[in-house]
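Colleague: I should be grateful for a close look at a single part of this model, with its surroundings described afterwards. Please begin with one residue and its contacts, and then widen the view.

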Amino acid sequence: MKNGPFTVVSGMPRSGTRQFADYLNATKEFAIQGEVHPSIYAGIKSIMISSESVYSRHQDVFASFRAKKKQTIFNLFSGLSKSEAVPDVGGLVGFKSPNAELHHHDIKDIALESYGSIHYFYCIRNARACLSSLRSAPWYGGSASYFLNTYSQSLEAAIKINEERRCRVSVLHLDDFISSERKGEWIRKYLLSPASCSPSDKELMDIISVENRNSTKNRFGKVRKKNELTANDENVFFSRSSEVNSIISKFNDVFEMSLELL
């Protein structure tokens with residue numbers, strides 16, 4: 001792997017984390033591992049801390065451990081992800097997991113010292129579209145209120161991470177990408193340029209031709225309705241619109257986005 005930031009593709013579920021991670025891997029300059037459940041981060045952190053404590057007592061061994069630390073972190077995320085391991089191609093490394101930003105403290109403790117910086121690609125979409133997509137997933141049973149709590153916490157976490165030294169957040173607005181008529185240029189501007197990738201036009205076409213494995217149709221075998229929200233969902237959105245719009249407005253100001261509640 002080359003020197004550079006530890007890369008985390010995070011954000012709200014059903015907002016493009018899998019798709020954008022696949023695009024990064026298609027550049028052949030990244031090895032972004034699949035989803036690692038947040039409950040595992042603390043375990044990885046504990047392994048690294050206890051190993052450092054043990055080896056620090058033996059100076060000759062400690063130097064070897066420190067030299068291998070980046071590779072060890074990569075191997076742990078690779079081996080513990082839900083997906084098939086993505087091989088290190090000599091580029092930048094990291095992993096993807098929805099809402100990883102909510103566990104930034106653990107991720108920072110694991111990776112910041114060894115990699116020098118952390119780059120989050122934060123995937124988000126308009127709240128209504130996000131919940132509607134989640135409603136099409138058979139495993140999702142969260143209420144609208146629970147969703148808006150998580151959505152708000154996620155936005156606030158992205159804002160706070162972006163304020164930290166040696167941490168950077170690049171926002172990927174899925175609804176903006178979907179509506180774009182020039183998807184290749186969108187990917188170049190919002191994903192590849194922030195990732196310091198400069199593909200040729202042909203390479204760019206190859207990248208965007210990668211199938212979206214996590215689309216509603218591919219993942220659940222059905223086409224999502226335009227609106228999966230219930231009447232109760234709509235009532236909750238209405239009752240909390242002022243509160244959530246305030247957070248969305250702050251997020252838009254910080255990242256120069258056009259995110260919307262509806």
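Modeller: In this predicted model, the residue chosen is Ile110, which, apart from neighbours within four places in sequence, is in contact with Tyr41, Ile44, Lys45, Ile73 and Phe77. Ile110 belongs to helix 5, the stretch of residues 104-115. Its relative accessibility is 3%, and because buried means under 20%, Ile110 counts as buried. A residue that Ile110 does not approach in this way is Arg188: the two C-alpha atoms are 30 Å apart, with their positions 78 residues apart in sequence.

Arg188 leads to another part of the chain, since this residue takes part in the contact of helix 9 with helix 10. Helix 9 covers residues 183-192 and helix 10 covers residues 201-208. Their axes come within 10 Å and cross at roughly 90°, which makes helix 9 roughly perpendicular to helix 10. On the side of helix 9 the contact is made by Gly184, Glu185, Ile187, Arg188 and Leu192, and on the side of helix 10 by Asp201, Leu204, Ile207 and Ile208. By class, these residues divide into 5 nonpolar, 1 polar and 3 charged. The loop between helix 9 and helix 10 holds Ser196. Ser196 has a phi near 60°, a positive value in a residue other than glycine. With a relative accessibility of 63%, Ser196 counts as exposed.

A positive phi also occurs at Glu256, where the value is about 55° although the residue is not a glycine. Glu256 lies in the segment after helix 13, which spans 241-255. At 73% relative accessibility, Glu256 counts as exposed. As general background, most residues other than glycine have a negative phi.

A further helix pair is formed by helix 6, residues 127-135, and helix 7, residues 144-163. These two pack at an angle of about 125°, and their axes are 11 Å apart. Helix 6 is therefore oblique to helix 7. The crossing of helix 6 and helix 7 is right-handed. Helix 6 contributes Ala127, Cys130, Leu131, Leu134 and Arg135, which meet Ala144, Phe147 and Tyr151 of helix 7. This contact has 7 nonpolar residues, no polar ones and 1 charged residue.

Contacts also involve loop residues. Val86 sits in the loop between helix 4 (69-80) and strand 3 (92-96). Outside its neighbours within four places in sequence, Val86 is in contact with Asn25, Ala31, Ile32, Gln33 and Phe74. Val86 and Asn25 are 61 residues apart in sequence, yet their C-alpha atoms are 8.3 Å apart in space.

These details may be placed within the whole chain. The protein chain has 13 helices and 5 strands. Its radius of gyration is 19 Å, close to the 18 Å that the globule rule gives for 262 residues, so the chain is as compact as a globular protein of that length. The C-alpha trace spans about 65 × 40 × 35 Å along its principal axes. Of the 262 residues, 52% count as buried, and Ile110 is one of the buried residues. Among contacts between residues at least 6 apart in sequence, 78% join residues at least 24 apart.

Note on methods
Residues numbered from 1 in each chain as written. Predicted model: local features only at pLDDT ≥ 70, side-chain atom pairs only at ≥ 80, totals over all residues. Heavy atoms only, no water. Axes fitted to C-alpha atoms, helices over the stretch in contact; angles between N-to-C directions. Helix = DSSP H or I, 4+ residues; strand = E, 2+ residues; numbered from the N terminus. Parallel < 35°, antiparallel > 145°, perpendicular 65-115°, else oblique. Left-handed = near helix turned anticlockwise from the far one by under 90°. Contact = heavy atoms within 4.5 Å. Nonpolar A, V, L, I, M, F, W, Y, C, P; charged D, E, K, R; others polar. Rg over C-alpha atoms; globule rule 2.2 N^0.38 Å. Buried < 20%, exposed > 50% of the residue type's maximum accessible area, 1.4 Å probe, protein only.
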